Amino acid sequence: YFLDSSYKATFGIPHYAVDIPVLQRTEVRAPEDGIVYRTKDNGIGYSYIILAHRNGFMTVYGHIYEIEVREGETVHQGDVIGLSGGMPGTKGAGFMTTGPHLHFEILKNGNHVDPLEHLPLIQLPFDSLPDKYQEKLKGKKVKVQQSSAKPLTEEDLEKLVESEGKYGYDEKLDIDVSEFIEFEESSEEFLTP
């Protein structure tokens with residue numbers, strides 16, 4: 001989770017994102033219309049995509065196995081921008097990963113914000129949520145949508161480990177906030193469930 005103390009204890013740096021466990025090579029889709037601000041393919045090192053959106057928002061997608069967009073390209077909500085990675089030793093994973101997942105960050109006017117303040121919490125297992133998010137969900141009546149993603153099996157992990165390369169290196173994410181793309185003001189809402 002965002003600024004999770006166990007992450008800092010393990011890796012020695014703060015975690016300004018949420019890590020979403022998904023199968024290796026899962027489609028990553030744009031959460032909102034925007035422009036591809038930056039892409040970085042670091043081979044087996046840490047690869048990422050950054051999108052710029054309206055109202056000063058930017059989103060960052062890390063441990064990307066395959067980048068499907070180019071810098072400066074316009075994307076629309078739901079467009080596939082890449083394929084997820086994160087399996088140690090595979091393309092795009094870098095060395096600071098323990099398994100397949102998507103590293104997802106949101107910035108507002110150059111400052112990191114908690115992605116779970118903008119994403120629908122109902123799609124996450126209730127018992128796995130930190131207390132502050134459980135409190136938000138208590139008493140709410142919501143429509144639940146079934147996920148079509150298959151759970152990751154041990155057999156999937158074994159196949160990926162056998163078929164992929166060795167550990168890579170991590171490159172520091174170099175976002176220059178002075179270059180953020182400005183959009184016309186429209187709605188205050190950012191990501192829609």
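Trainee: Is Asp-33 buried, partly exposed or exposed in this model?

Mentor: Keep in mind that we are looking at a predicted model. Buried would need a relative accessible area under 20%, and exposed would need over 50%. Asp-33 has 25% relative accessibility, so it counts as partly exposed.

Trainee: Which residue forms a salt bridge with Asp-33?

Mentor: The partner lies in the loop between S4 and S5, while Asp-33 sits in the loop between S2 and S3, 21 residues apart. The closest N and O atoms of this pair are 4.0 Å apart. The partner is Arg-54.

Trainee: Which residues are joined into one network by salt bridges that share partners?

Mentor: Start from Arg-54, which forms a salt bridge with Asp-33. Arg-54 also forms a salt bridge with Glu-32, with the closest N and O atoms 3.9 Å apart. That second pair again links the loop between S4 and S5 to the loop between S2 and S3, 22 residues apart. The network therefore joins Glu-32, Asp-33 and Arg-54.

Trainee: Does Glu-32 count as buried or exposed?

Mentor: Its partner Arg-54 is partly exposed, with a relative accessible area of 31%. For Glu-32 the relative accessibility is 15%, and the cut-off for buried is under 20%. Glu-32 therefore counts as buried.

Trainee: Arg-29 forms a salt bridge too; what is the distance between the closest N and O atoms?

Mentor: A search of the whole structure finds three salt bridges. In this one, Arg-29 pairs with Glu-27. Arg-29 is partly exposed at 44% relative accessibility, and Glu-27 is partly exposed at 45%. The closest N and O atoms are apart by 2.6 Å.

Trainee: Moving to the strands, which are the edge strands of the open sheet of three strands?

Mentor: The sheet has the order S2-S8-S6, with antiparallel pairing. Its twist averages 35 degrees from one strand to the next. An edge strand pairs on one side only, and here the two that do so are S2 (27–29) and S6 (64–67).

Trainee: Which residue in S8 stands opposite Val-28?

Mentor: S2 and S8 (residues 80–84) pair in the antiparallel sense over three bridges. Strands of a sheet pair through backbone hydrogen bonds. Opposite Val-28 in S8 stands Gly-82.

Trainee: How many of the five residues of strand S4 are buried?

Mentor: In a regular strand the side chains alternate between the two faces of the sheet. In S4, Tyr-48, Ile-50 and Ala-52 point one way, Ile-49 and Leu-51 point the other way, and all are buried. S4 (residues 48–52) is largely enclosed by the rest of the structure, because the number of its residues that are buried is five of the five.

Trainee: Within S5, what is the bridge partner of Ile-50?

Mentor: S4 pairs with S3 (residues 34–40) in the antiparallel sense over five bridges, and in that pairing Arg-38 stands opposite Ile-50. Five bridges also join S4 to S5 (residues 57–62), again antiparallel. In S5, the bridge partner of Ile-50 is Val-60.

Trainee: Which residue in the turn of the S4 and S5 hairpin has a positive phi?

Mentor: The hairpin has four residues between S4 and S5. The phi in question is about 60 degrees. The residue is Asn-55.

Trainee: Which element gives the most residues to the largest nonpolar core?

Mentor: This core holds 19 residues, and Ile-49, Leu-51, Tyr-61, Val-75 and Ile-81 touch the most other members. The elements giving two or more residues are S4, S5, S9 (102–108) and helix H2 (131–137). With three residues, the one that gives the most is S9.

Trainee: How many residues are in the second, separate core?

Mentor: This core includes Tyr-48, Ile-50, Val-60 and Leu-107. Tyr-48 and Ile-50 point one way from S4. The second core has eight residues.

Trainee: Finally, how many helices and strands does the protein have?

Mentor: Along the sequence, the pattern is α-β-β-β-β-β-β-β-β-β-β-α-α. Among contacts between residues at least 6 apart in sequence, 65% join residues at least 24 apart. Buried residues make up 40% of the 193 residues. The secondary structure comes to three helices and 10 strands.

Notes: Residues numbered from 1 in each chain as written. Predicted model: local features only at pLDDT ≥ 70, side-chain atom pairs only at ≥ 80, totals over all residues. Heavy atoms only, no water. Pairing = 2+ DSSP bridges. Axes fitted to C-alpha atoms, helices over the stretch in contact; angles between N-to-C directions. Buried < 20%, exposed > 50% of the residue type's maximum accessible area, 1.4 Å probe, protein only. Contact = heavy atoms within 4.5 Å. Core = buried A, V, L, I, M, F, W, Y, C linked by side-chain atoms within 4.5 Å. Salt bridge = Lys/Arg side-chain N within 4 Å of Asp/Glu carboxyl O.
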